[in-house]
Amino acid sequence: MSKTILITGGAGFIGSHLVRRFVKNYPDYKIINLDALTYAGNLENLRDIESEENYEFVKADINDAEALRKVFADFQIDSVIHLAAESHVDRSISDPLAFIETNVLGTANLLNTAKEFWKDNMEGKLFYHISTDEVYGSLGESGYFTEETSYDPRSPYSASKASSDHFVRAYYHTYGLPVVISNCSNNYGSHQFPEKLIPLFINNIRHKKALPVYGKGDNVRDWLWVEDHASAIDRIFHKGELGETYNIGGNNEWQNIKLIRMLCKIMDDRLERKEGESEELITFVKDRQGHDMRYAIDASKLANELGWEPSITFEEGLAKTVDWYLENDDWLQNVTSGDYQKYYQEQYHSR
Ligand code: NAD
Ligand code: DAU
């Protein structure tokens with residue numbers, strides 16, 4: 001069956017993997033990628049598919065109601081997969097209002113537009129909201145986030161994502177908008193902006209720069225390869241129940257310092273440096289304010305109800321990721337010129 005899908009934030013990290021997957025795997029679908037191209041959005045991520053017939057790019061801000069109406073009217077959108085967001089926790093600590101603007105108001109604006117265009121016939125429509133496990137707060141040494149875990153966001157980023165999730169559910173209950181939500185753990189892979197832990201540290205090791213480990217490095221994250229996230233989104237988009245929430249995770253918890261040591265080893269090997277050379281770059285710096293200790297996802301609902309499982313191990317995924325960054329130095333050079341240097345100075349200078 002043919003569909004016209006609006007993917008927001010498709011020029012970003014996860015969005016570009018998702019757009020590529022849908023454009024390639026579903027030639028009968030029309031994919032409209034709407035993105036404001038903030039510092040995190042990069043059309044280079046999609047060069048290989050940009051001239052496909054079933055793909056269209058629209059540069060617009062999700063806060064621009066007129067622009068959204070025009071896209072819905074021009075393309076007769078019947079599905080939305082909403083990824084556009086401010087996504088970096090550290091930036092949310094220094095500029096929380098930008099997160100409220102995009103993640104809360106922008107999402108509400110998009111919901112409103114979908115409601116306006118679909119109100120007379122909700123049949124076959126879907127508003128799929130992509131969210132994060134951070135809405136559930138921080139775990140101690142044991143336990144997992146399930147779909148029933150109460151919301152307890154603790155950073156401006158997670159508070160803004162939690163708020164957007166609430167609005168999505170409110171539109172489902174109040175107006176009958178057909179929605180589905182997924183909450184995913186930490187993604188890693190190619191094309192991730194080097195402000196996030198893994199690409200930042202790959203880039204720093206490459207240039208023999210300090211590796212700024214927050215606090216003691218004992219925080220734990222549950223890592224998922226980005227293409228596995230895209231495959232989970234594909235499954236939920238096609239098979240998920242309306243009004244439901246699905247947690248997505250890799251069942252792959254790593255303490256930051258252990259992950260960083262493994263990354264250092266892979267990099268020593270790839271760069272033919274002596275064993276232990278990259279580890280010498282590890283520098284413990286002032287902790288992130290309000291740093292969540294541990295995230296861990298129970299993804300059994302997705303496995304049991306929709307039959308989804310991650311496809312590769314962390315060791316394989318991390319090695320592929322390192323190789324991609326080393327083979328795509330131009331990409332890294334491009335995104336780390338200009339404003340990135342200013343960001344880096346402000347973020348790490350005083351730690
Ligand atoms: P990203 O920062 O790499 O990309 C975000 C994209 O959104 C960029 O292309 C940017 O230009 C665009 N954008 C930002 N503000 C916009 C606006 N006002 N209007 C239109 N476009 C705008 O983010 P990501 O890591 O790919 O995350 C995508 C989504 O997945 C986010 O909603 C995030 O909360 C969620 N998520 C991310 C992770 C992760 O580990 N990265 C995990 C779980 C959930
Ligand atoms: O859990 C899902 C979330 O994962 C997503 O919703 C977010 O969009 C995504 O950014 C990510 O959030 P984190 O804060 O967990 O990711 P980040 O890569 O920023 O940090 C991972 C861990 O590494 C965290 O414990 C903080 C630590 N860290 C990070 C950076 C950037 C460092 O020790 N040093 C650093 O310089």
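In this predicted model, a polar backbone atom of Asn-187 sits 2.9 Å from an oxygen atom of ligand 1. Thr-38 does much the same job of contact through its backbone, with a polar atom 3.0 Å from a ligand 1 oxygen. Lys-161 brings in its side chain instead, placing a polar atom 2.7 Å from an oxygen atom of ligand 1. On its own, ligand 1 has 830 Å² of accessible area, and the protein covers 96% of it.

So much for single contacts; now the whole shell. There are 28 residues around ligand 1, and those that come nearest are Ile-14, Asp-35, Ser-87, Tyr-157 and Lys-161. Sorted by class, the shell has 14 nonpolar, eleven polar and three charged residues. Four elements put in at least two residues each: α1 (13-25), β5 (126-132), α5 (156-175) and β7 (186-188). Of the elements, β5 gives the most, with three residues.

Ligand 2 has 26 residues around it, and Asp-133, Tyr-157, Arg-288, His-291 and Tyr-348 are the closest. Tyr-157 shows up on both lists, among the nearest to ligand 1 and among the closest to ligand 2. Here are the polar contacts of the two ligands side by side.

| Residue | Atom on the residue | Partner | Distance |
|---|---|---|---|
| Asn-187 | polar backbone atom | oxygen of ligand 1 | 2.9 Å |
| Thr-38 | polar backbone atom | oxygen of ligand 1 | 3.0 Å |
| Lys-161 | polar side-chain atom | oxygen of ligand 1 | 2.7 Å |
| Ser-87 | polar backbone atom | oxygen of ligand 2 | 2.7 Å |
| Tyr-157 | polar side-chain atom | oxygen of ligand 2 | 2.6 Å |
| Arg-221 | polar side-chain atom | oxygen of ligand 2 | 2.8 Å |

Taken alone, ligand 2 exposes 680 Å², of which the protein buries 95%. Its shell draws two or more residues from each of α3 (89-94), α6 (197-206) and β8 (211-214). By class, that makes eleven nonpolar, eight polar and seven charged residues around ligand 2.

On to the sheets. One is an open sheet of seven strands, paired in parallel and ordered β3-β2-β1-β4-β5-β6-β10. Its edges are β3 (55-59) and β10 (245-248), each of which pairs on one side only. On average, and ignoring direction, neighbouring strands here are turned by 20° against each other. Inside the sheet, β1 (residues 4-8) runs parallel to β4 (residues 79-82), and four bridges join the two. Ile-7 has Ile-81 in β4 as its bridge partner.

Two helices meet this sheet. α5 lies across β5, β6 (179-184) and β10, at about 155° to β5. α7 packs on the sheet too, touching β1, β4, β5, β6 and β10, with its direction at about 145° to that of β5.

The other open sheet has three strands in the order β7-β9-β11, with mixed pairing. β7 and β11 (253-255) are at the edges with a single partner strand each, so one side of each has no neighbour in the sheet. The average turn between neighbouring strands is 50° here, direction ignored. β9 (residues 220-225) pairs with β11 in the antiparallel sense over three bridges, and Val-220 has Gln-255 of β11 as its bridge partner. Helix α7 (residues 226-239) packs on this sheet as well, touching β7 and β9, and its direction makes about 70° with that of β9.

Methods
Residues are numbered from 1 along each chain as its sequence is written. Chains are lettered from A and ligands numbered from 1 in the order in which they are written. This is a predicted model: local features need pLDDT of at least 70, side-chain atom pairs count only at pLDDT 80 or more; totals for chains, interfaces and linings use all residues. Side-chain values use heavy atoms; hydrogens and water are left out. A residue is near a molecule or strand if one of its heavy atoms lies within 4 Å of it. A polar contact is a pair of N or O atoms within 3.5 Å; within protein, one must be able to donate a hydrogen and the other to accept it, and residues adjacent in sequence count only if both atoms are side-chain atoms. Accessible areas come from the Shrake-Rupley method with a 1.4 Å probe; for residues, only the protein chains shown count as cover. Ala, Val, Leu, Ile, Met, Phe, Trp, Tyr, Cys and Pro count as nonpolar, Asp, Glu, Lys and Arg as charged, and the others, Gly among them, as polar. Two strands pair if DSSP finds at least two bridges between them. Axes are lines fitted to C-alpha atoms, for helices over the stretch in contact, and angles run from 0 to 180 degrees between N-to-C directions. Contact means heavy atoms within 4.5 Å.
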